[in-house]
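Let's take a walk through a protein model and see how its pieces fit together. Keep the picture open while you read.

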Amino acid sequence: MKVISDTNLVSSISQLVPRLLRTHPYGLCELAKECSEQLHSPVCEIMPSLGNSLHRMITCGELHYDRQHNRVFIG
């Protein structure tokens, strides 16, 4: 299991999430699992950084979250 520092993890997630969302919208759990697989880290280790990254990207308008359908998407 590879250990990634918090700073590197946030940076990696910030680059990975938009790339994943270009193919299709993801639900939060689905996105967490995919990020976990791509980053070779357990979901429980990436969740805090993923949550912070998603919050920042949504607040900045880079991503959108559809609460009704539990989907994160670009646009």
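## Salt bridges

Arg56 is partly exposed, because its relative accessibility comes to 35%. Keep in mind that we're looking at a predicted model here. Arg56 has a partner of opposite charge type to look for: it forms a salt bridge with Glu62, and their closest N and O atoms sit 3.3 Å apart. Glu62 has a relative accessibility of 39%, so it counts as partly exposed.

How many salt bridges does the structure hold? There are two. Besides the one between Arg56 and Glu62, there's a salt bridge between Glu30 and Arg71, where the closest N and O atoms are 3.2 Å apart. This pair ties together distant parts of the chain: Glu30 belongs to helix H2 and Arg71 to strand S2 (residues 71-74), with 41 residues separating them. Glu30 has a relative accessible area of 36%, so it is partly exposed. Arg71 is partly exposed because its relative accessibility is 33%.

## How H1 meets H3

Here's a handy idea before we go on: to describe two packed helices, you give the angle between their axes and the distance between those axes. For H1 and H3, the angle is about 55 degrees and the axes are 9 Å apart. That angle makes H1 oblique to H3, and their crossing is right-handed.

Which residues make the contact? From H1 come Asp6, Leu9, Val10, Ile13, Ser14, Val17 and Pro18, and from H3 come Glu45, Ile46, Ser49, Leu50, Ser53, Leu54, Arg56 and Met57. Sorted by class, the contact of H1 with H3 has nine nonpolar, three polar and three charged residues. Notice that Arg56, one of the H3 residues in this contact, is also the salt-bridge partner of Glu62.

## How H2 meets H3

Now look at helix H2 (residues 28-39) and helix H3 (residues 43-59): their axes come within 10 Å and cross at roughly 120 degrees. Is H2 parallel or oblique to H3? With that crossing angle, H2 is oblique to H3. The crossing of H2 past H3 is right-handed.

On the H2 side you'll find Leu28, Leu31, Ala32, Lys33, Cys35 and Ser36, and they meet Val43, Ile46, Met47, Leu50 and Leu54 of H3. Going by class, the contact of H2 with H3 has nine nonpolar, one polar and one charged residues. Some names may ring a bell: Ile46, Leu50 and Leu54 meet H2 residues, and they're also among the H3 residues in the contact with H1.

## A look at Gln15

Gln15 sits in helix H1 (residues 6-21). Is Gln15 buried or exposed? Its relative accessibility is 54%, so Gln15 counts as exposed. Try finding Ser53 as well: Gln15 and Ser53 are 38 residues apart in sequence, and their C-alpha atoms are 9.9 Å apart in space.

## Two loop residues with positive phi

Where is His40? You'll find His40 in the loop between H2 and H3. Its phi is near 55 degrees, a positive value in a residue that isn't glycine. His40 counts as exposed because its relative accessibility is 54%.

Asn70 is in the loop between strand S1 (63-66) and S2. Asn70 isn't a glycine either, yet it has a positive phi of about 50 degrees. With a relative accessible area of 31%, Asn70 is partly exposed.

Conventions:
Residues are numbered from 1 along each chain as its sequence is written. This is a predicted model: local features need pLDDT of at least 70, side-chain atom pairs count only at pLDDT 80 or more; totals for chains, interfaces and linings use all residues. Side-chain values use heavy atoms; hydrogens and water are left out. Helices (H or I, at least four residues) and strands (E, at least two) are DSSP runs, numbered from the N terminus. Buried means under 20% relative accessible area, exposed over 50%, partly exposed in between (1.4 Å probe, protein chains only). Axes are lines fitted to C-alpha atoms, for helices over the stretch in contact, and angles run from 0 to 180 degrees between N-to-C directions. Angles under 35 degrees count as roughly parallel, over 145 as roughly antiparallel, 65 to 115 as roughly perpendicular and the rest as oblique. A crossing is left-handed if the near helix is turned anticlockwise from the far one by less than a right angle, and right-handed if clockwise. Contact means heavy atoms within 4.5 Å. Ala, Val, Leu, Ile, Met, Phe, Trp, Tyr, Cys and Pro count as nonpolar, Asp, Glu, Lys and Arg as charged, and the others, Gly among them, as polar. A salt bridge is a side-chain nitrogen of Lys or Arg within 4 Å of a carboxyl oxygen of Asp or Glu.
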